[in-house]
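Hi,

Here is the structure I promised to pass on. Have a look at it first, and then read my notes below.

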Amino acid sequence: MTTTAPAADARMLGLAHHAARGVLEHVLARHGLTFEQQVTLRTLVTAGTPLTADDVVARVRGSLKADPVGIHATLDELLAEQSIVADGAHLLPTDAGREVLAAVGAETAPLSARIWDGISAEDLAAAGRVLTLVTERADAQLAKLTA
């Protein structure tokens, strides 16, 4: 007897997102970070060059589709916690910010490995193509709705 996997749809995508995010948020809570703080801090750590607050807001908004006011509040939280510092017009991650992000990464790595274990390269490639297309189309629809 062969069973057929259900076709991917928006609900299935949402369920997978929330399941994976739930795992991450559990780890983040142990390190005193919110999901938004982690995304914002990671943006600064991986930028390669110093970013202004407006640069960070634009990048995080592009990823999370979040309200700029909320992203600025997240930056204020990270500044208050000394995970980032202001250097003139630029924001820079501190050693403490880099360390907490590295600790979260080290803790989530084996969890992620177990989640993704056994999925073939072909399936991952197909999923990557579909998710890229869905993201592009959803971004285009959101741009039309907010224009």
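A term you'll need straight away: I call something a salt bridge when a side-chain nitrogen of Lys or Arg is within 4 Å of a carboxyl oxygen of Asp or Glu. Also, please keep in mind that this is a predicted model, where local features need pLDDT of at least 70, side-chain atom pairs count only at pLDDT 80 or more, and totals for chains, interfaces and linings use all residues. Residues are numbered from 1 along each chain as its sequence is written, and side-chain values use heavy atoms, with hydrogens and water left out.

Salt bridges first

There are four salt bridges in the structure. One of them joins Arg21 to Glu25, with 2.7 Å between the closest N and O atoms. Both residues sit in helix α1, four residues apart, which is about one turn of the helix. (Helices are DSSP runs of H or I with at least four residues, strands are runs of E with at least two, and both are numbered from the N terminus.) Arg21 also meets the side chain of Glu36 in a salt bridge, at 3.4 Å from N to O. That pair links distant parts of the chain, since Arg21 is in helix α1 and Glu36 in helix α2, 15 residues apart. Put together, Arg21, Glu25 and Glu36 are linked in a network of salt bridges.

How covered are these side chains? I use buried for under 20% relative accessible area, exposed for over 50%, and partly exposed for what lies in between (1.4 Å probe, protein chains only). Glu25 is partly exposed because its relative accessible area is 33%, and Glu36 counts as partly exposed at 34%.

Another salt bridge runs between Asp139 and Lys65, whose closest N and O atoms are 3.0 Å apart. Asp139 belongs to helix α6 (residues 121-146) and Lys65 to the loop between α3 (53-64) and α4 (68-80), so this pair ties together parts that are 74 residues apart in sequence. Asp139 is partly exposed at 32% relative accessible area, and Lys65 is partly exposed at 40%.

Then the sheet

Three strands make an open sheet in the order β1-β3-β2, with antiparallel pairing. The edge strands are β1 and β2, each pairing on one side only. Helix α2 (residues 35-46) packs on the sheet and touches β1, β2 and β3, and its direction makes about 95° with that of β3. (Contact means heavy atoms within 4.5 Å; axes are lines fitted to C-alpha atoms, for helices over the stretch in contact, with angles from 0 to 180 degrees between N-to-C directions.)

I count two strands as paired if DSSP finds at least two bridges between them. Strand β1 (residues 51-52) pairs with β3 over two bridges, and Thr52 has His90 as its bridge partner in β3. Strand β2 (residues 84-87) is joined to β3 by four bridges; Ile84 has Pro93 as its partner there, and Ala86 stands opposite Leu91. In the hairpin of β2 and β3, with two residues between the strands, Gly88 takes a positive phi near 65°.

Which way do the side chains of β3 (residues 90-93) point? They alternate: Leu91 and Pro93 point to one face and are buried, while His90 and Leu92 point to the other and are not.

Cheers
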